[in-house]
Amino acid sequence: MFTLKRKMNVLLVLGMLISSILLGCANNEASSVPKEKSDKSVTLSWPRDIGTMNPHVYNPSQLIAQSMIYEPLVRYEEGGKLEPHLAESWSISDDGKEYTFKLRKNVKFSDGTPLNAAIVKKNFDAVMKNSNLHSWLGVINVLDKTEAVDELTFKMILKEPYYPAVQDLALVRPVRFLGEAGFPDDGDTSKGITEPVGTGPWMLTDYKKDEYAVFSRNPNYWGEKPEMEKVTIKIIPDAETRVMAFEKGELDLIYGEGVISMDSFNQLKESDEYVTSLSEPVGTRNLLLNTTNEKLADQRVRLALHHGFNKQAMVEGITLGLEEKADNILSKNFPYTNIDVEPIEYDVKKATAYLEDAGWKLPSGKTVREKDGQPLELELIYDKTDPIQKAMAETVQAEWAAIGVKLNIKGVELTVQIERRKAGEFDIDFYYNFGAPYDPHSFINVVAEKGWGVSEAHSGLPMKKELDQQVQEALASTDETKRQQLYGSILNTLQEQSVFVPISYIKKTVVYQNNIKEFNFPANRDEKPFNGIEISK
């Protein structure tokens, strides 16, 4: 029975007006979710509908739900270690072009059909049929052909060496595996799938768009079966409504990035009634300075802007200490990023000196510096739906005003922000790296690869050609020592040039009821968080 229905049976006699009010409230709180609870189930919230559960496409399908159903050949673990998953082993040819995977025996999809090399190849073929959709992913760009060698042997042949190929296969999408029953007749999954059939530990067993999704244990799962029997995801778009549902006991946990306000997280933490935790850094908040703007092409101006705001105070004030000030463009918990760099600290005197040296003078009686009759005026765009970006933009605006820089800030839709970045139609923008398992290779690749706006923003650097060459060498290198040296050089150059201005390290948050134990954040930023969760009796 639904809680909403029980309430309505009592309240209908009060008239249609009250019923309408109750329905509006129920929709807001996603209270029409089936309320069957047991010691073996867990309920969490998510801000948007889980989507179509197509493993080979992107939005609106949600990564957390896709990862419950579909699995990779290899999985990403802490520190960038790659472990066998659907593939029990793999080998790489000496020239770095051929990858041979030995698949596990006796792996079945949720409908009981076997996983074999033929179905693995069919999934790769479906992805490659629409490779233009996945051109952001390095392995797709270098993949030449695939082969089902025998029932349990699958081979991937590249056009050229690309060392992160296996790491790219650990992503939640687009290279995960749909069972035969899920394919449309023409095999083109970009148009949709017939049903979400995967090898993962969970199956989607009940679903109402924009309200809830219920996942039950896959009886055919090949690996260690989850402790829980059921996971229910309630769709609750509003963050404060999420918190209210949690405090009422309607949710067992709230998990993710930005899923509740930092004020709410701290209040729940301080209440001592619940358990709260923060993950290791999953990404970095950076400002991206566009060197195609003549003013920002001057490194002295970029360094002045970097020195010209107190990121420590800003991070503490806006994120309430839940995030850490970022000195490195990439945090040190990714492969090849554990390097020491010279932090660019808050220093108004240095900022002023750099601007003076660059010829930007402050005329008597004015508040904005000028050069050749032009004011030092810039624009920062931000996602208007992101309160942290807005607050940070306002803070930077005020602090740069103190060194004679006029910063105009403009909130835009996320899609507009991305399109303006790609088109190079910005002075300064917020930019976040993808996190594990995408980085660091995806991060340096986007610095070199045109079309995303990041490479173009670096085009004013005098060493850009050399930087791009180092990126290409790092991605193709089969020499681990050389690769580490190249990463060190690339990241130090980016640090010194201050086209990226690191602000803070993003972390995932979780708040859960005391009946949950053994919660662990996944190493893969986009993976489900349910492995190892136990419910105390």
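Me: What do buried, exposed and partly exposed mean here?
Reply: Buried means under 20% relative accessible area, exposed over 50%, and partly exposed in between, with a 1.4 Å probe and protein chains only. Leucine 320 has a relative accessible area of 33%, so leucine 320 is partly exposed. This is a predicted model in which local features need pLDDT of at least 70 and side-chain atom pairs count only at pLDDT 80 or more, while totals for chains, interfaces and linings use all residues. Residues are numbered from 1 along each chain as its sequence is written, and side-chain values use heavy atoms, with hydrogens and water left out.

Me: Where is leucine 320 found?
Reply: Helices (H or I, at least four residues) and strands (E, at least two) are DSSP runs, numbered from the N terminus. Leucine 320 is in the loop between helix 10 (311–319) and strand 14 (324–325).

Me: How should backbone phi and peptide bonds be read?
Reply: Most residues other than glycine have a negative phi, and most peptide bonds are trans. Leucine 320, not a glycine, has a positive phi of about 55 degrees. Aspartate 372 is not a glycine either, and has a positive phi of about 55 degrees. Aspartate 372 lies in the loop between strand 15 (370–371) and strand 16 (374–375), and counts as exposed because its relative accessibility is 75%.

Me: Which peptide bond leading to proline 60 is cis?
Reply: The bond from asparagine 59 to proline 60 is cis, with omega near 15 degrees. Proline 60 sits in the loop between strand 1 (41–46) and helix 3 (63–69).
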